[in-house]
Amino acid sequence: MRVVRVTRFGGPEVLVPGQAPDPVAGPGQVVVEVAVAGVTFVETQIRRGTDKWHARPEVPYVPGGLVAGRVGSVGSQVDPAWSGRRVIASTGETGGFAERAVAAVEDLFPVPDGLGLPEAIALHSDGSTAQGLTERADVRPGEWVLVEAAAGGVGSLLVQLALTAGARVVGAARGSRKLDLVRDLGADAVVDYSEPGWTKRVLEATGGAGPDVVFDGVGGEIGRAAFEVTAHGGRFSVHGASSGEATIIDPAVARQKNVEVIGIEQLFDFGPHVVGWAERMMSKAAAGLIRPIIGQTFPLERAADAHAAIEDRTAVGKTLLLV
């Protein structure tokens, strides 16, 4: 079967197409005929060898932790009724950039009828994260919410979830193409955080008070600047570090501003809730309340281009491989 391997740690060019034996389902496992493979920013950092949050895989390895497709075969101790079903499957941290992938039966998520596999995988991964972040931050009607990286896979869903909760949204992104997308999603205001003085425009949009909730998916200087304009008594929620550095706020400073900081470690507790949050997001999509933004897709052999698009900040919404 066709696969893409990381041959060594480095830039996107280390993603090399190749061949591998077809996998065989063991006890409690299934083989999924992969139609769609999800791509995440974290996977690009693992490939570079710079990720701080996951165990470093041994090279060469096949990246990709989430796939969607039909169950092609089942192992022993698995209900044969799974065969042929459309599913999303977690493969762990590796194994997804392939024509076929092995997953444990407990890591399967049935895709509802009427929902496309690309949309389903976006709602399962980024959607469950956005739902969890919104719940933990307790977004309320009438509040101002600042979403960093608002044109990204998680960010674009955070914008929509905040709006459906009755909040007003400032979407922060880089470049006119991304800002146009955030406007189309319904954000009340947009700011380009690559421009000097962007936080002043956030304050202007929020009437000088600053946002009640900040979703910080960037970190670094942008995350710290966003914290500085967070409203007194607000919540500052950290979920990403696309700058290379997660935002860490001194507890004494947070107390002085009376801001609740929900650190990036919140993500470690999301696992048991993913299925429920994904189901909720898919129900909202079916009801027309939200829509996943799939900004770009690539064939399996061009996995390197998919990684490059994410890393050079040209990607919008969710990036997927179509196998």
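Which strands does helix 3 (residues 153–164) lie across? In this predicted model, helix 3 lies across strand 8 (144–147), strand 9 (168–173) and strand 11.

**View 1. Helix 3 and helix 2 on the strands.** Helix 3 runs at about 175° to strand 8. Helix 2 (residues 117–137) lies across strand 11 (213–216), strand 12 and strand 13. The angle of helix 2 to strand 11 is about 145°.

**View 2. The open sheet of six strands.** The strand order is 10-9-8-11-12-13, and the pairing is parallel. Strand 10 (189–192) and strand 13 (260–262) are the edge strands, each pairing on one side only. From one strand to the next, the twist averages 15°.

**View 3. Pairing of strand 12 with strand 13.** Strand 12 (residues 235–238) runs parallel to strand 13 and is joined to it by three bridges. Within this pair, Arg 235 stands opposite Glu 260 of strand 13.

**View 4. Crossing of helix 1 and helix 9.** The axes of helix 1 (residues 41–48) and helix 9 (residues 303–311) come within 10 Å and cross at roughly 105°. The two helices, helix 1 and helix 9, are therefore roughly perpendicular to each other. From helix 1, Phe 41, Glu 43, Thr 44, Gln 45, Arg 47 and Arg 48 meet His 307, Ile 310 and Glu 311 of helix 9. The residues of this contact comprise two nonpolar, three polar and four charged.

**View 5. The largest cavity.** Searching the whole structure gives one cavity of 30 Å³ or more. The largest cavity has a volume of about 40 Å³. Its lining consists of Glu 43, Ile 46, Pro 57, Tyr 61, Pro 63, Glu 93 and Thr 94. By class, four lining residues are nonpolar, one is polar and two are charged.

Definitions and conventions: Residues numbered from 1 in each chain as written. Predicted model: local features only at pLDDT ≥ 70, side-chain atom pairs only at ≥ 80, totals over all residues. Heavy atoms only, no water. Axes fitted to C-alpha atoms, helices over the stretch in contact; angles between N-to-C directions. Helix = DSSP H or I, 4+ residues; strand = E, 2+ residues; numbered from the N terminus. Parallel < 35°, antiparallel > 145°, perpendicular 65-115°, else oblique. Contact = heavy atoms within 4.5 Å. Nonpolar A, V, L, I, M, F, W, Y, C, P; charged D, E, K, R; others polar. 1 Å grid on protein atoms, 1.4 Å probe; cavity = no way out; pocket = protein on both sides within 12 Å on 5 of 7 lines; lining within 4 Å. Points joined across faces, edges and corners; volume = space filled by probe spheres on them. Pairing = 2+ DSSP bridges.
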